[in-house]
Amino acid sequence: MNFKKELASILYELLDQEISLNELELMIEKPKNTQHGDLAFPCFTLAKLKRKSPNLIAQELSEKIQSATFEKVEVVGAYLNIFLNKKLVSKKVISEVLTQREQFGSQDFGDGNVTIDMSSPNIAKPFSMGHLRSTVIGNALAHIVEKCGYQPIKINHLGDWGTQFGKLITAYKLWGESEKVKQNPIKELLQLYIKFHEEAENNSALEDQGRSWFKRLEDGDEEALKLWQWFRDESLKEFSRIYELMNVQFDSFAGEAFYNDKMDRIVKLLEEKQLLVESDQAQVVELTEEQLPPCLIKKSDGATLYATRDLAAALYRKENYDFVQSLYVVGHEQSLHFKQLIAVLGKMGYEWAGKMVHVPFGMMLKDGKKMSTRKGKVVLLEEVLNESIAMARQNIEEKNPNLENKDEVAKQVGVGAVIFHDLKNNRMNDIEFSLEEMLRFEGETGPYLQYTYARACSILRKGNGYSKMDFLAYDYSWEKEWKVTSLLMEFAPAIKRACENFDPSQVAKYSVDLAQAFNKYYAEVKILEENQAKQSRLALVLAVTVVLKEGLRLLGIEAPEEM
């Protein structure tokens with residue numbers, strides 16, 4: 001059901017196959033104003049080919065286009081405006097949605113594994129709102145690439161190594177109490193981490209102690225390793241609880257420490273390829289030709305860095321998953337790092353480096369400022385989710401006190417609100433944290449979409465479903481339904497755009513458009529009125545529930561049937 005493709009095929013023959021089908025399909029537009037048709041084809045580029053004015057070409061083509069799918073062809077200047085046959089197309093579209101159900105909108109252009117480096121919180125630090133974006137964008141992209149035919153592999157590249165562990169061990173040894181940490185590990189470790197940075201501002205010797213403890217950790221010191229493992233285990237327990245709440249799963253939790261024994265190989269490979277050079281006693285890969293700063297591989301004290309680790313991780317993932325694409329869902333402030341990483345792999349001769357993509361995103365702000373764990377300016381994600389769920393529960397209590405599964409629905413709505421508030425924005429935009437904004441039932445919010453879905457489900461229950469036979473048999477105009485029906489056709493293109501641009505907001509915005517069109521239709525038309533149109537209208541309502549639910553699923557949000 002691709003009416004653009006159908007029009008392109010007709011034009012391909014009428015233009016004597018002088019322009020490829022693909023080019024023609026790309027030239028076909030969707031008019032912003034429905035008065036200009038459902039499809040539009042500009043003839044400007046044909047003028048040189050046909051040696052005629054574009055207006056004349058448009059006129060000649062309009063007289064030759066014949067298809068039951070197209071109700072009317074109008075010429076406006078150099079444009080062909082095509083109006084689809086509402087009766088025929090509506091039945092085709094709705095039949096396809098109801099036949100394919102959750103498979104509707106699926107694409108087949110994808111093939112192979114796509115690794116997605118996402119979430120990646122730091123061990124011994126709380127799971128903050130700052131980590132929400134990587135988690136929900138990565139999770140949505142996993143659903144979207146899968147919908148397009150790829151096999152997603154979600155990797156939680158935990159921040160479980162680095163100098164911060166030397167600082168944390170130093171802080172624990174100086175001020176920590178074992179019992180306090182056991183009772184409330186993350187909160188206590190965070191306080192120690194913050195205290196270290198506060199004290200270090202007036203005592204530079206602390207930084208030296210931190211570096212010393214990290215060196216001991218790297219060298220396999222028993223005490224340092226034991227503390228590190230304890231911090232890691234306690235953190236993972238907390239993270240797992242939050243991931244379960246958000247219904248996010250991973251295929252791998254291989255964090256930074258996993259690559260400790262894999263970095264020597266990278267250094268040797270770089271030496272063999274004569275890419276390592278010395279600079280200020282450190283070892284770097286020069287990237288002058290790529291117009292990038294040198295990539296630091298080993299510090300003067302022999303310690304390896306993020307770049308070394310990420311090079312090892314990239315090679316490991318290629319060898320183990322044979323990815324066709326490798327996505328890094330990491331904040332835009334790391335853009336230079338990923339440019340260097342990809343450039344170094346390219347210099348090493350790995351062609352697949354071109355399949356690695358940094359998927360950057362803007363910051364989560366509070367009162368217009370970036371959240372910072374180091375300075376203690378942090379909003380805990382679990383607290384936000386729980387508060388959101390509590391507020392959703394209160395809303396449900398007020399609006400539908402007799403609802404049976406209030407707790408389950410409150411969780412779906414509360415968590416969905418937080419996720420949607422993030423994903424409705426273009427990922428490059430900074431987002432201002434606002435719980436009140438997230439939970440509104442009006443406007444572009446998660447609860448609005450969920451409520452629209454629940455309302456449609458309620459209509460179906462009251463209408464006792466629909467009869468497919470009656471729906472197909474009844475000759476109906478579909479004029480009032482056309483806005484909704486035409487939007488159903490846009491689901492697959494929205495998914496394709498989201499996949500190609502690594503932008504879940506395409507699906508979020510589409511879902512809002514569909515919900516708004518349906519609610520307007522619901523306000524204007526008596527769907528359950530006993531007449532011949534009832535079955536056709538119920539069929540449309542059912543099609544809307546199928547697509548809304550699938551749109552929400554792609555974003556990682558559940559769709560309650562009652563609210």
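**Cavities, sheets and a long-range salt bridge**

One cavity of 30 Å³ or more is counted, a cavity being a set of points on a 1 Å grid over the protein atoms alone where a 1.4 Å probe fits but cannot get out. The model is a predicted one, in which local features need pLDDT of at least 70 and side-chain atom pairs count only at pLDDT 80 or more, while totals for chains, interfaces and linings use all residues. Residues are numbered from 1 along each chain as its sequence is written, and side-chain values use heavy atoms, with hydrogens and water left out.

The largest cavity has a volume of about 40 Å³, where a volume is the space filled by probe spheres set on the points, and grid points are joined across faces, edges and corners. Its lining (residues with an atom within 4 Å of a point) is made up of Ile123, Ala124, Lys125, Gln164, Phe165, Leu168 and Tyr193. Helix α7 (residues 163-175) provides the largest share of this lining, three residues; helices here are DSSP runs of H or I with at least four residues, strands are runs of E with at least two, and both are numbered from the N terminus. By class, the lining of the largest cavity holds five nonpolar residues, one polar and one charged. For these classes, Ala, Val, Leu, Ile, Met, Phe, Trp, Tyr, Cys and Pro count as nonpolar, Asp, Glu, Lys and Arg as charged, and the others, Gly among them, as polar.

Turning to the pockets, the second largest has a volume of about 1000 Å³, a pocket being an open set of points with protein on both sides within 12 Å along at least five of seven lines. Its lining has 29 residues, of which Asn2, Glu25, Ala492, Pro493 and Lys496 are the closest to the centre. Helices α1, α2 (21-27), α5 (86-100) and α21 (491-501) each supply at least two lining residues, and α21 gives the most, with five. Eleven nonpolar, seven polar and eleven charged residues make up the lining of this second largest pocket.

Helix α1 also leads to the first sheet to be described. Three strands form this open sheet in the order β1-β3-β2, with antiparallel pairing; two strands pair if DSSP finds at least two bridges between them. Because β1 (39-42) and β2 (70-76) stand at the edges with a single partner strand each, one side of each is left without a neighbour in the sheet. The twist averages 20° from one strand to the next, with axes fitted to C-alpha atoms (for helices over the stretch in contact) and angles running from 0 to 180 degrees between N-to-C directions. Six bridges join β2 to β3 (residues 79-84), and Val76 stands opposite Tyr79 in β3. Helix α1 (residues 3-14) lies across β1, β2 and β3 at about 35° to β1, contact meaning heavy atoms within 4.5 Å.

Another open sheet of three strands has the order β6-β7-β8, again antiparallel. Its edge strands, β6 (276-279) and β8 (295-298), each pair on one side only, and the twist averages 45° from one strand to the next. Three bridges join β7 (residues 282-285) to β8, where Val284 stands opposite Leu296.

Finally, the structure holds 32 salt bridges, each a side-chain nitrogen of Lys or Arg within 4 Å of a carboxyl oxygen of Asp or Glu. One of them links Arg133 and Asp422, with the closest N and O atoms 3.0 Å apart. Arg133 lies in helix α6 (residues 132-147) and Asp422 in helix α16 (residues 406-423), so the pair ties together parts that are 289 residues apart in sequence.
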